[in-house]
Amino acid sequence: MSRAPRNAQRRAIGSIGGFFARVLLFFAIALALWYAARQWVVLPPAWLAEHVMGWAFPHWVRGAEAAGDVQTLITALTVAAPDGRIGEVTVEAGALKYAYGAPLLAALLFATWPRGLAWKLPLGLLLLFPFQAWGICAEWLVHVAVQLGPAVADQAGFGAFATNLIGAGYQLGFLILPSLTPVLIWLVLDRRLVATVLLEGALSGYEAR
């Protein structure tokens with residue numbers, strides 16, 4: 001292999017390596033700020049989740065309350081205690097674990113500093129809210145449809161098929177969407193960098209032949 005292809009490969013690797021180093025640096029900073037403001041960063045997706053649940057299940061959802069980053073759904077569903085007393089069901093969701101995509105998106109954008117960063121960052125954060133709300137809603141629904149037993153699930157109107165869908169939605173909202181969504185939004189907002197990286201990789205591979 002000649003010296004020119006080697007240099008091209010090193011430049012491509014260096015460019016990608018420098019990008020990941022910047023992402024890690026900015027992610028550490030953004031994560032610290034995000035955690036310090038955790039009681040406020042969960043408010044928009046929690047508000048959205050509450051209203052989505054109220055719209056989707058008006059016959060048993062009464063509202064929601066926040067205590068720090070924990071969101072409690074208040075319902076009209078009931079559960080019987082062993083001593084015969086009847087209590088109303090409330091279920092909790094830890095909203096923070098669905099919202100870490102915000103510092104990840106900020107780190108990706110600051111690492112590449114695209115043109116229009118001043119509007120792309122708030123737009124990207126706004127686009128994350130529905131997916132964060134998905135996770136909160138799914139956790140509430142898993143409690144109602146699965147963890148509290150068939151008696152509560154029947155009151156809510158969830159059969160076997162709905163319960164399976166809720167379980168799949170919870171896995172998607174917990175395992176995939178929080179990390180994948182900010183990356184996809186960043187790719188859409190900063191397509192120039194993606195094209196540059198792909199072009200550098202293609203050119204270095206071509207020159208190495």
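This text walks through two helices, two pockets and one cavity of a predicted model.

Start with helix 5, residues 117–147. At 1.5 Å a residue, its 31 residues should span 45 Å. The end C-alpha atoms lie 43 Å apart, so the expected and modelled lengths agree. The helix does bend on the way. The bend is about 30° and sits at F129. A proline, P130, follows within four residues of that point. Past the end of the helix comes G149, with a positive phi of about 95°.

Helix 4 covers residues 101–112. Its 12 residues should span 16 Å at 1.5 Å a residue. The distance between its end C-alpha atoms is 17 Å, which again agrees. Helix 4 is mostly covered, with 11 of its 12 residues buried. The buried set starts with G101, A102, P103, L104 and L105. It continues with A106, A107, L108 and L109, and ends with A111 and T112. Just after the helix, W113 takes a positive phi of about 45°.

One residue of helix 4 deserves a closer look: L109. Is L109 buried or exposed? Its relative accessibility is 0%, and buried means under 20%, so L109 counts as buried. Which residues does L109 touch, leaving aside neighbours within four places in sequence? The contacts are P114, L117, K120, L121, W186 and L189. Of these, L117, K120 and L121 fall within the residue range of helix 5, 117–147. W186 and L189 fall within that of helix 7, 160–189. K120 is 11 residues from L109 along the chain, and their C-alpha atoms are separated by 8.3 Å.

Now turn to the empty space. Rolling a probe the size of a water molecule over the atoms shows where such space is left. The largest pocket has a volume of about 290 Å³. Its lining has 16 residues. Nearest its centre lie A30, A102, P103, A106 and L125. Which helices each supply at least two residues of this lining? They are helix 1 (3–36), helix 4 and helix 5. A102, P103 and A106 also appear among the buried residues of helix 4. By class, the lining divides into 15 nonpolar residues, one polar and no charged.

The second largest pocket has a volume of about 220 Å³. It is lined by 13 residues. V52, W134, C137, A138 and L141 lie nearest its centre. Helix 3 (43–56), helix 5 and helix 7 (160–189) each supply at least two lining residues. Helix 5 gives the largest share, six residues. This lining divides into 12 nonpolar residues, one polar and no charged.

Last comes enclosed space. How many cavities of 30 Å³ or more are there? The count comes to one. About 40 Å³ of space lies in the largest cavity. Its lining consists of Y98, G101, L128, F131, Q132, L177, P178 and T181. Helix 5 and helix 7 each supply at least two of these residues. G101 is also one of the buried residues of helix 4. The cavity lining has five nonpolar residues, three polar and no charged.

Helix 5 recurs throughout. It supplies at least two lining residues to the largest pocket, to the second largest pocket and to the largest cavity.

Terms used. Residues are numbered from 1 along each chain as its sequence is written. This is a predicted model: local features need pLDDT of at least 70, side-chain atom pairs count only at pLDDT 80 or more; totals for chains, interfaces and linings use all residues. Side-chain values use heavy atoms; hydrogens and water are left out. The expected span of a helix is 1.5 Å times one less than its number of residues. The bend at a residue is the angle between axes fitted to the seven residues ending there and the seven starting there. On a 1 Å grid over the protein atoms alone, a cavity is a set of points where a 1.4 Å probe fits but cannot get out, and a pocket is an open set with protein on both sides within 12 Å along at least five of seven lines; lining residues have an atom within 4 Å of a point. Grid points are joined across faces, edges and corners, and a volume is the space filled by probe spheres set on the points. Ala, Val, Leu, Ile, Met, Phe, Trp, Tyr, Cys and Pro count as nonpolar, Asp, Glu, Lys and Arg as charged, and the others, Gly among them, as polar. Buried means under 20% relative accessible area, exposed over 50%, partly exposed in between (1.4 Å probe, protein chains only). Contact means heavy atoms within 4.5 Å.
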